[in-house]
Amino acid sequence: MCSGCQQQCGNPCLPELHTVAGGVPGLLEFGERFDRKFVAWEGAEREFPLSPAHLEDGSSLVVIGPEGGFDDDEAEALMDGGFAPVTLGDSILRWETAALYCLGLGFFARQVEK
């Protein structure tokens, strides 16, 4: 939560949503400003399901792929660039649904008292 919103009304700040040009190189450059970086990928190398605990503190970037998902080379380049592979579940989600799911996890993470 940003302090301004918290002090005024107790509500969390709205997340920032971005589209990034330049494909994977653009994502790697954009990701440099975040504390944690995740790539939602249905490949075999995904390490864990994305959860609110991964989005609690600091800044997080969750990258969801285009329709049809990332190809193996794109996903591997992101992982080589420091993005942790995560799953959003067993079903393949439309990008709109995946984005809302990630936003919901982030919102929930900031609601739970520590």
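**Close-up 1. The second largest pocket of this predicted model has a volume of about 410 Å³.** Let's start at its middle: among the 23 lining residues, Glu42, Ile92, Leu93, Arg94 and Ala98 are the closest to the centre of the second largest pocket. Two elements, strand S4 (84-87) and helix H4 (95-111), each give two or more residues to the lining.

**Close-up 2. The lining of the second largest pocket mixes nonpolar, polar and charged residues.** There are 11 nonpolar residues here, together with six polar and six charged ones. With three residues, H4 gives the most to this lining.

**Close-up 3. Helix H3 (residues 72-80) has buried residues at Ala75, Leu78 and Met79.** These three lie on the same side of H3, because the arc they cover around the axis is only 100°. Follow the buried residues of H3 outward and you meet their packing partners: helix H2 (23-30), strand S1 (36-40) and S4. S4 is thus a good landmark to carry over from the first view, where it also helps to line the second largest pocket.

**Close-up 4. Asp73 and Asp80 are exposed residues of H3.** Both sit on the face of H3 that is turned away from its buried side.

**Close-up 5. The two ends of H3 each offer a detail to look at.** At the start of H3, aspartate 71 brings a side-chain oxygen to within 3.1 Å of the backbone nitrogen of aspartate 73. Aspartate 73 is also one of the exposed residues in the previous view. Beyond H3 comes glycine 82, which has a positive phi, near 100°.

Methods: Residues are numbered from 1 along each chain as its sequence is written. This is a predicted model: local features need pLDDT of at least 70, side-chain atom pairs count only at pLDDT 80 or more; totals for chains, interfaces and linings use all residues. Side-chain values use heavy atoms; hydrogens and water are left out. On a 1 Å grid over the protein atoms alone, a cavity is a set of points where a 1.4 Å probe fits but cannot get out, and a pocket is an open set with protein on both sides within 12 Å along at least five of seven lines; lining residues have an atom within 4 Å of a point. Grid points are joined across faces, edges and corners, and a volume is the space filled by probe spheres set on the points. Helices (H or I, at least four residues) and strands (E, at least two) are DSSP runs, numbered from the N terminus. Ala, Val, Leu, Ile, Met, Phe, Trp, Tyr, Cys and Pro count as nonpolar, Asp, Glu, Lys and Arg as charged, and the others, Gly among them, as polar. Buried means under 20% relative accessible area, exposed over 50%, partly exposed in between (1.4 Å probe, protein chains only). The arc is that of the directions from the helix axis to the C-beta atoms. Contact means heavy atoms within 4.5 Å. A polar contact is a pair of N or O atoms within 3.5 Å; within protein, one must be able to donate a hydrogen and the other to accept it, and residues adjacent in sequence count only if both atoms are side-chain atoms.
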